[in-house]
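Reader: Please take me closely through one part of this structure, the packing around a single helix, and then follow the surrounding strands outward from there. I would like each term given with its cut-offs.

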Amino acid sequence: MPVNENIPQKEEMRIAQFMAHCGVASRRSCEEIILAGRVTINGAPVETLGTKASAKDTVCVDGKQIHLEETMRYVLLNKPIGYVCSSSDEKDRPVACDLLKEKYSERLYNVGRLDMFSSGAIIFTNDGEFAAKLSHPSAELEKEYVVESMQPLPKFLAKDFEKGVRVENVFYKCKSAVELNSHKLKIILVEGKNREIRRVFEHYEAVIKYLNRVRIGCVSIEGLAPGEFRDLSKEEVRSLLKLCKNYKM
């Protein structure tokens with residue numbers, strides 16, 4: 001995996017960017033942590049997002065010092081059903097990132113989410129810039145899902161989802177929806193609102209048996225059993241960024 005060569009150790013940067021390069025979270029999530037009053041620089045609380053820091057400063061989050069990561073990690077996990085996508089869980093449910101801890105010492109966090117009852121592809125990283133690019137709605141990065149219902153698929157679900165469906169004042173529209181058989185649908189999203197597929201199925205009173213994300217952009221979970229993971233290649237990382245419509249060379 002590439003060394004974090006693009007961050008001069010003496011260069012000052014905005015505190016959220018610094019935290020993202022330390023592997024704390026994506027830059028947007030880091031801003032929320034800062035505004036919650038959880039960050040200090042050289043013992044002083046950070047009060048504005050414009051505050052800057054460098055490697056020579058002592059930066060702490062919740063009292064624990066953070067450091068710029070030397071190695072960038074990009075990991076694809078086939079998340080099993082029953083795991084939540086968060087750094088910790090107040091209900092003590094299994095956490096997906098714990099599946100990676102035996103191999104990786106770096107603090108890795110998920111790019112996007114899958115709900116507890118969904119399975120499949122999810123990327124973990126300590127590169128805040130990479131995470132921000134992939135997860136921003138303007139990226140329009142394809143995510144492919146295979147969904148199976150308990151009963152035969154409602155007649156117009158696929159076509160309506162492609163045209164757009166309004167559920168409780170929220171508009172949901174997929175890039176494509178193809179029936180694989182009477183119970184199974186392949187869906188491609190480029191935005192992915194919260195629980196989008198589940199809300200559309202509920203709107204049609206269709207009960208989901210399983211929901212599996214099989215692909216993110218150019219990477220798929222083919223060859224990975226549930227709970228297994230692998231490092232993304234340098235070429236896969238570059239290709240994912242190039243697929244993002246918000247990516248600039």
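Author: In helix H5, which spans residues 196-203, the buried residues are Glu 196, Ile 197, Arg 198, Val 200 and Phe 201, where buried means under 20% relative accessible area, exposed means over 50% and partly exposed lies in between, with a 1.4 Å probe and protein chains only. Helices (H or I, at least four residues) and strands (E, at least two) are DSSP runs, numbered from the N terminus. The model is a predicted one, in which local features need pLDDT of at least 70 and side-chain atom pairs count only at pLDDT 80 or more, while totals for chains, interfaces and linings use all residues. Residues are numbered from 1 along each chain as its sequence is written, and side-chain values use heavy atoms, with hydrogens and water left out.

The buried residues of H5 pack against helix H4 (157-163) and against four strands, E10 (143-149), E12 (170-172), E14 (184-189) and E15 (208-216), contact being heavy atoms within 4.5 Å. Just after H5, the backbone at Glu 205 takes a positive phi of about 55°.

Two of the buried H5 residues, Ile 197 and Phe 201, are listed with Phe 124, Val 147, Phe 161, Leu 185 and Ile 187 as having the most contacts inside the largest nonpolar core, which has 33 residues; such a core is a set of buried Ala, Val, Leu, Ile, Met, Phe, Trp, Tyr and Cys residues joined through side-chain atoms within 4.5 Å. The elements that give this core two or more residues are the helices H4 and H5 together with strands E7 (74-79), E9 (119-125), E10, E11 (165-167), E14 and E15. When neighbours within four places in sequence are left aside, Ile 187 is in contact with Ile 197 and Phe 201, and also with Lys 143, Glu 144, Tyr 145, Val 147, Phe 161, Cys 174, Ser 176 and Ala 177. Apart from this core lies another, of 21 residues, including Phe 130, Leu 134, Leu 224 and Cys 244.

Among the strands that H5 packs against, E10 is mostly covered, with 7 of its 7 residues buried. In a regular strand the side chains alternate between the two faces of the sheet. From E10, Lys 143, Tyr 145, Val 147 and Ser 149 point one way, whereas Glu 144, Val 146 and Glu 148 point the other way, and all are buried. E10 pairs in the antiparallel sense with E14 over 6 bridges and with E15 over 7 bridges, again in the antiparallel sense, pairing here requiring that DSSP finds at least two bridges between the strands. Glu 148 illustrates both pairings, standing opposite Lys 184 in E14 and opposite Tyr 210 in E15.

E15 leads on to E9, to which it is joined by 2 bridges, the two strands running parallel; here the partner of Gly 120 is Arg 213 in E15. Since 7 of the 7 residues of E9 are buried, this strand is largely enclosed by the rest of the structure. E9 also pairs with strand E8 in the antiparallel sense over 3 bridges, with Phe 124 in E9 as the bridge partner of Asn 110, and with E7 in the antiparallel sense over 6 bridges, where Tyr 74 stands opposite Thr 125 in E9.

Tyr 74 takes us further, to an aromatic pair with Phe 130, one of 2 found in a search of the whole structure. The pair is edge-to-face, at 4.9 Å centre to centre with 75° between the planes; rings of Phe, Tyr and Trp (its six-membered ring) pair if their centres lie within 6.5 Å, and planes under 30 degrees apart count as stacked, over 60 as edge-to-face and the rest as tilted. It links distant parts of the chain, Tyr 74 lying in E7 and Phe 130 in helix H3 (residues 128-135), 56 residues apart, and both residues are buried.

In H3, Phe 130 is buried along with Gly 128, Ala 131 and Leu 134. Seen down the axis of H3, these buried residues fall within an arc of 160°, so they line one face of the helix, the arc being that of the directions from the helix axis to the C-beta atoms.
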